[in-house]
Amino acid sequence: MDSSALSRRTMLQLAGAAALPLSSGILARSAQAATAGTLTIAYNVNLPSFDPTVGLSAVNPTIQSIYQAIFDPYIGQAPDLSFKPGLLTKWGWNADRTKVTMELRKGATWHDGSPVTPEDIVWSLTRAADPKGGNPIQFVWSKVGNYKVDGNTITGDVLEFEPTLFKWMAFLTGYVLPKAYFEKVGAEGFEKAPIGSGPYKVDAFERNAFLRLKAHPGYWGPKPAFDTVVFKFVTDPTSRVAEIESGGSDVTFEIPYEEFDRLKAKSGLAGQTKPVSDIAMIFITDIAPMLDRNVRLAANHAIDKKAIVDRLLKGYGVPISTLEAPGYAAFDPSIKVSYDPELAKSLLAKSGFSPEKPVKFTIQTTRGFKPKDYEMIQAIVGMWRKVGIDATIEVYEIAQHFELRARHALAPAAFYNWGNAIGDPSTSTGFAMFGPSPHCAWKGKDTVERIGPLWGEKDEAKRIAGWKAVDKYIAEEGEVIPLFQYVQPIIHKKGLKVVSQANGMILPQLITSA
Amino acid sequence: MRWGEIIRRLVLIPPTLFGVCVIVFVLLRVVPGDPIAMMIPPGASPADIDRLRAFYGLDQSILQQFITWLGQALTGNFGRSISLHQNVFELVLARLPATLELSLLATLIATALGVMVALTGVYVRGRRLEWAIDGGIGVFLAIPDFLWALILLLLFGVLIPLLPISGRIDPQLDVAFRTNFYLVESLLTGRLDVALALLQHMILPAVALALPFAALVARLLKASLAEAEDQDYAQIARARGFSRPAILWREVFPNALIPTVALGGVQVTLLLGGTVLVERIFSYEGIGNMAIDAVINRDFPLIQGLILTFAVLFIALNLAVDLLVRLLDPRLRHG
């Protein structure tokens, strides 16, 4: 036989050689468990940018956990949404709300070892307020200016009163950045080698793959339990489940509830859930047939929110009647929109509609953007059909939703989820229901008149009471359909203690060994 | 392919790319989905929205935007990513090597598997094993790469956790690279431990991409081998006493390879397209994974840069395949 002939034996040898690396023990080590001293989090979104004050990522609530590990917000936020000292130890207005005063913490340092100064605070606030700076929340930061520094105390003039100013200092774009370093390296340089004053500093970053952080030895707060934190960017939920199940990650979240129930029952894993400041809702647009109050109210009363939560979300949700979830500053448990299909039928009958002669409109929804979003709308359409509403489902992408909403071109009903990490009514009911806001679908003049005076209300108790009254009015008029508050599922290895945050953040600095 | 044909193809590249640019540029701005609408915070006024639109240059007409972009692109500046805040060209160049290395590995695996299966299939022609091989090829062709990715992820990530299931390299490794061709660089510099670590991360996504392509290669090559084996020259070789494996390998295989390369080579572009979902599933840091985020965020400059990159790759691959066929087929060289 010719020596170079392709014999059966040769082929088997070749196949065996090819399979060798797969079967070798060398590869087995790669499915590693977390190394001691290292915490690995399978994270659900990629990190687009290291500048927490500019562009899309600055207003993406999901990314803030990473930012808060690297950068310090001006003001801290406790797990229950209450506010606590951050880099600022004191803050407030003067009596007539014409000046703000802030006091910088002593001893805080940047990751390069240089001290955090009041000039850093002033520079960060001024940069955020610059209309050409690209800060999406610029309209808040621009309401204060003319800062003066005296020791560690900073004062500023209130150019326009903004009651939520200090609340924003704990959230989106409310971060202190290093003036001297940023000016030295520029925006591009900062993207490549960012420094902050938070508990962790950037050690390695592979875009779309992982971010490795090391504990900042000069951090002013409690020393984090883990010296190294790895955020693995695992955007696919199935892959996140596989990550935690294979032992490749220590913590993950935002996984299907069915998988959560399965995983938490496994040995070596533990699960916890907590309602977060994110709600499911249906926008109602002020176009026909929603201009008919009976139709709006019928659409509200026909939905059995508890059944949706129990059957579709396996109980992981809290039904709500207003856009204020429990824990928000203006939450009022006395406002109830009951599930009452008979009432819905009678309301529709007043307008000449019935199951035989239904009112027709389109409802838009995402599919797969939030857990069971499409299935939920299917269930709601089924409930509506029984009382005399014939709704057609139209699926859209979330990007389309934003554009349609900004153009006031949403369908009569449109499913969405609304986050409100600072828990203030202005950032829930306010922006969702105030006509001039680009986020508002219902532009009713009556609601605009009720909300208008609250924007500049300086008496906090009066302001909150005012928002509660607005929420009651909106519920009575059926101008929006609040559905439920989301519950965040977190799966982690046993032996870890994960502190759930009501704003949905997974902060590595708060994760410890149990 | 004659040289004149090659020159004609080269000349057509710039207008083709220009056409791609125009279509992508216009489509992105016409279809629903606006990057500014994505980043409007609660409470932004129409003036705030206009300010952001102007900041990203989206306040101009589509024609003005295109002229500005084209003028910059001709100087190598493809704009700045809206979501990543970095130069698009640098971003794509940094991530492209990861995708190229993955695609190359997948192509090598697919070719090796496809050739082995095809040779075996022809060798056992007429026997029951051939039916089994044909059935297997059909199954592997029917399952798309992203489903293979999920199957492999659950199989080797969860059920038999042998291999890492996310990323390109172990986050715990402290390795410095001079280029973004991590695998090639580590092999060339003799850092075999690093190369092995990289291969561990690449093997599952590469196999997921390779399996449907291997089935395609196997089907095409097997049919060509069977046809070539029935030709006179193969029969004569057999009459002269050569063994069948020797005839298959030496005489039949080189001739059967030409149609397989011509048809299968073009399919490499499909494999490249498959990286988008497979990279996502395995959190692999290539341009496919980046493309999904760019689309979600409606990052116009980045989407334009990525599609242009894919277009260049597809054109280059098609040209390379044609040249390879010319190299393999003496009739084309001397015709």
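Two residues are in contact here if their C-beta atoms, placed from the backbone, lie within 7 Å. By that yardstick, 13 residues of domain 1 of chain B are in contact with twelve residues of domain 2 of chain B, and 65 residues of chain A are in contact with 59 residues of chain B.

This is a predicted model, in which local features need pLDDT of at least 70, side-chain atom pairs count only at pLDDT 80 or more, and totals for chains, interfaces and linings use all residues. Residues are numbered from 1 along each chain as its sequence is written, while chains are lettered from A and ligands numbered from 1 in the order in which they are written.

**Chain B overall**

- Chain B has 14 helices and zero strands, where helices (H or I, at least four residues) and strands (E, at least two) are DSSP runs, numbered from the N terminus.
- Along its principal axes, the C-alpha atoms of chain B fill a box of roughly 85 × 55 × 40 Å.
- Of its 335 residues, 44% count as buried; that takes 20 or more other C-beta atoms within 10 Å of a residue's own, whereas 12 or fewer makes it exposed and anything in between partly exposed, with C-beta atoms placed from the backbone.
- Take the contacts in chain B between residues at least 6 apart in sequence: 74% of them join residues at least 24 apart.

**The two domains of chain B**

- The domain assignment gives domain 1 (3-74) and domain 2 (91-330) of chain B; such bounds come from an automatic or database domain assignment.
- Taken over C-alpha atoms, the centres of domain 1 and domain 2 of chain B are 33 Å apart.
- On the side of domain 1 of chain B that touches domain 2 of chain B, α1 (3-30) and α2 (35-39) of chain B are the elements giving two or more residues.
- The largest share of that side, nine residues, comes from α1(B).
- By class, that side of domain 1 of chain B has nine nonpolar, two polar and two charged residues; Ala, Val, Leu, Ile, Met, Phe, Trp, Tyr, Cys and Pro count as nonpolar, Asp, Glu, Lys and Arg as charged, and the others, Gly among them, as polar.

**Where chain A meets chain B**

- Again, 65 residues of chain A are in contact with 59 of chain B.
- Several elements of chain A each supply at least two residues to its side of this meeting, including α1 (8-23), α7 (179-192), β9 (210-215) and α14 (398-406).
- The largest share of the chain A side, six residues, comes from α8(A).
- That side of chain A divides into 30 nonpolar, 22 polar and 13 charged residues.
- On the chain B side, have a look at B:Gly33, in the loop between α1 and α2 of chain B.
- B:Gly33 counts as buried because it has 22 C-beta neighbours inside 10 Å.
- Leaving out residues up to four places away in sequence, B:Gly33 touches A:Glu397, A:Ala399, A:Gln400, A:Glu403 and B:Arg298.
- B:Gly33 also sits 9.5 Å from B:Val295, C-alpha to C-alpha, with their places 262 residues apart in sequence.

**Helix α5 of chain B**

- Helix α5 (residues 88-123) of chain B has 36 residues and reaches 51 Å from its first C-alpha to its last, close to the 52 Å expected; the expected span is 1.5 Å times one less than the number of residues.
- There's a kink of about 30 degrees at B:Arg95 in α5(B), shortly before the proline B:Pro97; the bend at a residue is the angle between axes fitted to the seven residues ending there and the seven starting there.

**A hairpin in chain A**

- Five bridges join the antiparallel strands β6 (residues 144-150) and β7 (residues 153-158) of chain A; two strands pair if DSSP finds at least two bridges between them.
- β6(A) and β7(A) form a hairpin with two residues between them, and A:Gly151 in the turn has a positive phi of about 65 degrees.
- A:Val149 stands opposite A:Ile154 in β7(A).

**Backbone oddities**

- Most residues other than glycine have a negative phi, and most peptide bonds are trans.
- A:Asn146, in strand β6 of chain A, has a positive phi of about 50 degrees although it is not a glycine.
- With 10 C-beta neighbours inside 10 Å, A:Asn146 counts as exposed.
- B:Ser283 is not a glycine either, and its phi is positive, near 50 degrees.
- B:Ser283 lies in the loop between α11 (244-281) and α12 (287-296) of chain B, and is buried, with 29 other C-beta atoms within 10 Å.
- A cis peptide bond joins A:Ala288 and A:Pro289, with omega about 0 degrees.
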